[in-house]
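Here are my notes on the model you sent over. Have it open on your screen while you read.

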Amino acid sequence: MDSERKGIYEQVIFRKGPEHQIWVAVEECSELIDSLAKLHRGRCSKEDVITEIADVSVMIDQLSIIFGEEKVEQEKDRKLARLSERLNTDENL
């Protein structure tokens, strides 16, 4: 993530506190789930889903800072390697 975004995220985490931002992330994830369910039923637009994806993405960046960016990146790399292996062996995804 670029330094400008990271600076903004760090400021909001400092001002609001990590616990508060964790609960905001829970709320934003819930809203994304709701919009995806509504999209499936034709009750919202792709633009609504895009908005919720952006909200969740912003919160994911903050959660990464809260819980440790390096550890999160290492876990993502591990999971992507496993996914790649499954793709190459035709295992169930």
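The points below go from the overall fold to the salt bridges, the cysteines and a few single residues.

1. Overall make-up. Keep in mind that this is a predicted model. The chain has four helices and zero strands, so from the N terminus the order simply reads α-α-α-α. The radius of gyration is 16 Å, well over the 12 Å the globule rule gives for 93 residues, so the chain is more spread out than a compact globule. Along the principal axes, the C-alpha atoms take up a box of roughly 45 × 40 × 20 Å.

2. Surface and contacts. Just 20% of the 93 residues count as buried. The accessible surface adds up to about 7300 Å², with 54% of that belonging to carbon and sulfur atoms. Among contacts with a separation of 6 or more, 60% are between residues 24 or more positions apart.

3. A salt bridge between helices. The whole structure has six salt bridges. One of them pairs lysine 6 with glutamate 69, with the closest N and O atoms 2.7 Å apart. Lysine 6 is in helix α1 (residues 3-16) and glutamate 69 is in helix α4, so this pair ties together parts that are 63 residues apart in sequence. Both ends are partly exposed: lysine 6 has 26% relative accessibility, and glutamate 69 has 27%.

4. Salt bridges inside a helix. Aspartate 34 and lysine 38 meet at 3.2 Å, N to O. They are four residues apart in helix α2, so about one helical turn separates them. Aspartate 34 is partly exposed at 38%, as is lysine 38 at 27%. In helix α4, glutamate 73 and lysine 76 are three residues apart, again about one helical turn, and their closest N and O atoms are 3.2 Å apart. These two are partly exposed as well, glutamate 73 at 40% and lysine 76 at 42%. Also have a look at Glu75, Arg78 and Lys79, which are linked in a salt-bridge network.

5. The cysteines. How many disulfides does the structure hold? Zero. Cysteine 29 is in no disulfide, and the nearest cysteine sulfur, that of cysteine 44, is 16 Å away. That is too far for a bond, since a disulfide needs the two sulfur atoms within 2.5 Å. As for their surroundings, cysteine 29 is partly exposed, with a relative accessible area of 31%, whereas cysteine 44 is buried at 16%.

6. A buried glutamine. Is glutamine 62 buried or exposed? With a relative accessible area of 4%, it is under the 20% cut-off and counts as buried. Glutamine 62 belongs to helix α3 (residues 46-67). Leaving aside residues up to four places away in sequence, glutamine 62 touches Tyr9, Val12, Ile13 and Gln21.

7. A nonpolar patch. Leu80, Leu83 and Leu87 make up a nonpolar surface patch, with about 280 Å² of accessible area together. Leucine 80 sits in helix α4 (residues 69-89). Its relative accessible area is 53%, which means leucine 80 counts as exposed.

8. One distance to check on screen. Glutamate 31 is in helix α2 (residues 18-40) and is partly exposed, at 30% relative accessibility. From its C-alpha atom to that of phenylalanine 67, which is 36 residues away along the chain, the separation is 22 Å.

Key. Residues are numbered from 1 along each chain as its sequence is written. This is a predicted model: local features need pLDDT of at least 70, side-chain atom pairs count only at pLDDT 80 or more; totals for chains, interfaces and linings use all residues. Side-chain values use heavy atoms; hydrogens and water are left out. Patches are made of residues with over 30% relative accessible area and no salt bridge: like charges are joined within 9 Å, nonpolar side chains (Val, Leu, Ile, Met, Phe, Trp, Tyr) within 5 Å. Accessible areas come from the Shrake-Rupley method with a 1.4 Å probe; for residues, only the protein chains shown count as cover. A salt bridge is a side-chain nitrogen of Lys or Arg within 4 Å of a carboxyl oxygen of Asp or Glu. Helices (H or I, at least four residues) and strands (E, at least two) are DSSP runs, numbered from the N terminus. Buried means under 20% relative accessible area, exposed over 50%, partly exposed in between (1.4 Å probe, protein chains only). Contact means heavy atoms within 4.5 Å. The radius of gyration is taken over C-alpha atoms; the globule rule is 2.2 Å times the number of residues to the power 0.38.
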